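Q: I am new to this structure. Please take one part of it and look at it closely, starting with the cysteines and moving outward from there.

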Amino acid sequence: MGPQSTPDLSTQASSLALSTVAVVGLGTMGTGIAEVLTRAGREVIGIDTDEAAARRAVSALEAATARAVQRERLTERERQDALARFRTFTDLQAAADADLVIEVVPEDYDLKRQVFAELDAVVRPDTILATGTNALSVTRLAADSQRPERVLGVHFFNPAPAMKLVEVVSSVLTAPTAVAAVTELAHDLGKDPIAVGDRPGFVADGLLFGYLNQAAAMYESKYATREDIDAAMRLGCGLPMGPLALLDLIGVDTARTVLEAMYAESQDRLHAPAPILGQLAEAGLTGRKAGRGFYTYEAPGRATVVPDAESPASADEQSAGRTVSSVGVAGSGTMASGIAEVFAKAGYKVVLAARSLEKAEKAKARIAKSLGRSVDKGRMAAEARDAALAAITPAGSLDAFADVDLAVEAVAEDLAVKQELFKTLDKLCKPGAVLATTTSSLPVVACARATSRPQDVIGMHFFNPAPAMKLVEVVRTVLTDDEVHATVRAVCAKVRKHPVDCGDRAGFIVNALLFPYLNNAIKMVEEHYATLDDIDAAMKLGGGYPMGPFELLDVVGLDVSLAIEKVLHAEFRDPGLAPSPLLEHLVAAGCLGRKTGRGFREYARR
């Protein structure tokens, strides 16, 4: 474009109030964006070629604002004013007076390009054109427009009224003043905008969809059930939804489209859509909107899951296994004392064995402090605390495990150490005792093969802190007896934990899905695509994660994280799982996270 046809953007930046906004496409997302804008005082022009969609949008806005009045978040006058600011049309000509147009039509490039071409002929030269895409190229749309400097991406998250994150996406063609104006609008809407460059998925979906894809592949391989995969990520990571339920909510077809776009750019196999996504999409089983996806729903568009052929058997149909009344816990660290506390509170007799009696007694003292805090907070009666403490017998040797029904090791994450311990347990524990390892990354079968009774060995991966975390990954090897598996599941139920079944491979469920996501976040920083703060904010605000990836990495420990990444890479041999060089460099420099005072961020030393 020649300079004579381009508005002087530098003189307009401060005058771009963006007071009138057109929203093109009045589906769920478009309607949500329209609600956010009208409630923030903007005049909103809703445009959809489907009159029924426009009527539904008006009804949805009326219902949402009525609920806001009931909850005293709006007055009736404010509600009426908001409704009056929303007008609907079926022709793009209605966007002629808009300061900003936000396009949220389906994720189809030709359709979006057509919308932009028609808008070019309608809107003012200074109008900003924004696409709501999360998968398609903003740069390509801009290049095909008559005014590429006015084109950018503005990616809201669903549901738009509730989700705080907005990704403002600029291409190499976008004028900084347009980005500034849309960013200011996002702040005015009460959102938290982050500025990102143009690549499929941007920050939040760029990290989220790789994780969702791996979960779909895990389910497809029959490594774990859909229920166990979803429960593991909710309970083990504090996520609001499991990955397969989230795929059903997003739409299996939509997820496949996003992943196709991500893979086309990255060529990373972790982004290549799992075949199950294509099979479900081609069959029309696209999730909640179709009434069936990974789960079956009571009706299309409804959230209630109903039983189907894959639903698990009820608890009373499952075997009870062997009788367990006494438990031995080997170890004296945080995890060992936490596990001992869990069993003691559930009424089991517990032998807590360490390398010396002094270490075992210190571990018991740690448990006493923990139980004391529960009493102080009113979560436990003093009598229950005293009974739990009385049930724990500290010991300085594994000889005290002679009569236990279940032996649980929680020693250092070193295979040689664990194998030596299992050899000892094999000699000392009575016949029929169940032998369990709490490893999070080592092969359980390697521990089993160190004994003469591998059929009695199983994994019980508790999460830290064990008293608070509800999840236990129950890891069967190819040698584990069915009765042993049933025993451990019954024990988990008695100690009020949620067991999920998985096979004996690196990472089990949680770490196999969590750590590639963390590794990909580090790669985003390495590539200077986004900052630590923006990535953490994106995943908390856009994905509902309790912690951002860099907060979590610093808490877990960068050395621990690197070790798990190396195990995953060695087992699956996928180049996309190779640990980030930045992670390796930080570990080599001794920057291990909070425990050393510096990791991805710096911390005050205690």
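A: Cys502 has a relative accessibility of 4%, so Cys502 counts as buried. The model is a predicted one. Cys492 is buried too, because its relative accessibility is 0%. Are these cysteines bonded or not bonded? The sulfur of Cys492 is 11 Å from the closest cysteine sulfur, in Cys502, and that is too far for a bond. A disulfide needs sulfur atoms within 2.5 Å. Seen from the other side, Cys502 is in no disulfide, and the nearest cysteine sulfur is that of Cys492. The structure as a whole holds zero disulfides.

Now the helix around Cys492. Helix α18 covers residues 482–494, which makes 13 residues. From its first C-alpha to its last, α18 reaches 19 Å. The expected value, at 1.5 Å a residue, is 18 Å, and the helix comes close to that.

Look at its start. A side-chain oxygen of Asp481 comes to within 2.7 Å of the backbone nitrogen of Glu483. Look next at its far end. Just after α18, Arg496 has a positive phi of about 65°. Most residues other than glycine have a negative phi.

Which residues of α18 are buried? They are Val484, His485, Ala486, Thr487, Val488, Val491 and Cys492. What do they pack against? One partner is a helix, α13 (334–345). The others are strands: β12 (406–409), β13 (434–437), β14 (457–462), β15 (471–476) and β16 (498–503).

Two of those strands frame a turn in the chain worth a look. Pro465 lies in the loop between β14 and β15. The peptide bond that joins Asn464 to Pro465 is cis, with omega about 0°. Most peptide bonds are trans. A second cis bond runs from Asn158 to Pro159, again with omega near 0°. Pro159 is in the loop between β6 and β7 (165–170).

That second loop leads to strand β6. His155 is in β6 (residues 151–156). His155 counts as buried because its relative accessible area is 5%, and the limit for buried is under 20%. Its side chain makes a polar contact with the side chain of Glu167, at 2.8 Å. Leaving aside neighbours within four places in sequence, His155 also touches other residues, including Gly132, Thr133, Asn134, Phe202 and Asp205.

Back to rings. Phe343, Tyr348 and Phe462 form one aromatic cluster. Across the whole structure, a search finds five aromatic pairs. One of them joins Tyr219 and Phe294 edge-to-face, with 5.5 Å between centres and 80° between planes. The partners are 75 residues apart, so to speak of distant parts of the chain: Tyr219 is in helix α8 (residues 204–220), and Phe294 is in the loop between α12 (275–282) and β9 (326–330). Both Tyr219 and Phe294 are buried.

Rings also meet charges. The charged end of Arg505 sits over the ring of Tyr223, 3.9 Å from its centre. The charged end of Arg140 sits over the ring of Tyr109, 3.7 Å from its centre.

A second helix can be set beside α18. Helix α2 (residues 28–39) has twelve residues and should span 16 Å at 1.5 Å a residue. Its end C-alpha atoms are 17 Å apart, which agrees. Nine of its twelve residues are buried, so the rest of the structure largely encloses α2. Among the buried ones are Gly30, Ile33, Glu35 and Leu37. After α2 comes Gly41, with a positive phi near 90°.

Positive phi also turns up in loops. Glu72 has a phi of about 60°, although Glu72 is not a glycine. Its place is the loop between α3 (51–70) and α4 (76–84). Glu72 is exposed because its relative accessible area is 74%. His528 also has a positive phi of about 60° and is not a glycine. His528 lies between α19 (510–526) and α20 (532–543), in the loop. With a relative accessible area of 73%, His528 is exposed.

One last stop. Val555 is in helix α21 (residues 549–556). At 41% relative accessible area, Val555 is partly exposed. Not counting residues up to four places away in sequence, Val555 touches Met547 and Arg594.

Notes:
Residues are numbered from 1 along each chain as its sequence is written. This is a predicted model: local features need pLDDT of at least 70, side-chain atom pairs count only at pLDDT 80 or more; totals for chains, interfaces and linings use all residues. Side-chain values use heavy atoms; hydrogens and water are left out. Rings of Phe, Tyr and Trp (its six-membered ring) pair if their centres lie within 6.5 Å; planes under 30 degrees apart count as stacked, over 60 as edge-to-face and the rest as tilted. Helices (H or I, at least four residues) and strands (E, at least two) are DSSP runs, numbered from the N terminus. Buried means under 20% relative accessible area, exposed over 50%, partly exposed in between (1.4 Å probe, protein chains only). A charge sits over a ring if NZ of Lys or CZ of Arg is within 6 Å of the ring centre and within 35 degrees of the ring normal. Contact means heavy atoms within 4.5 Å. The expected span of a helix is 1.5 Å times one less than its number of residues. A polar contact is a pair of N or O atoms within 3.5 Å; within protein, one must be able to donate a hydrogen and the other to accept it, and residues adjacent in sequence count only if both atoms are side-chain atoms.
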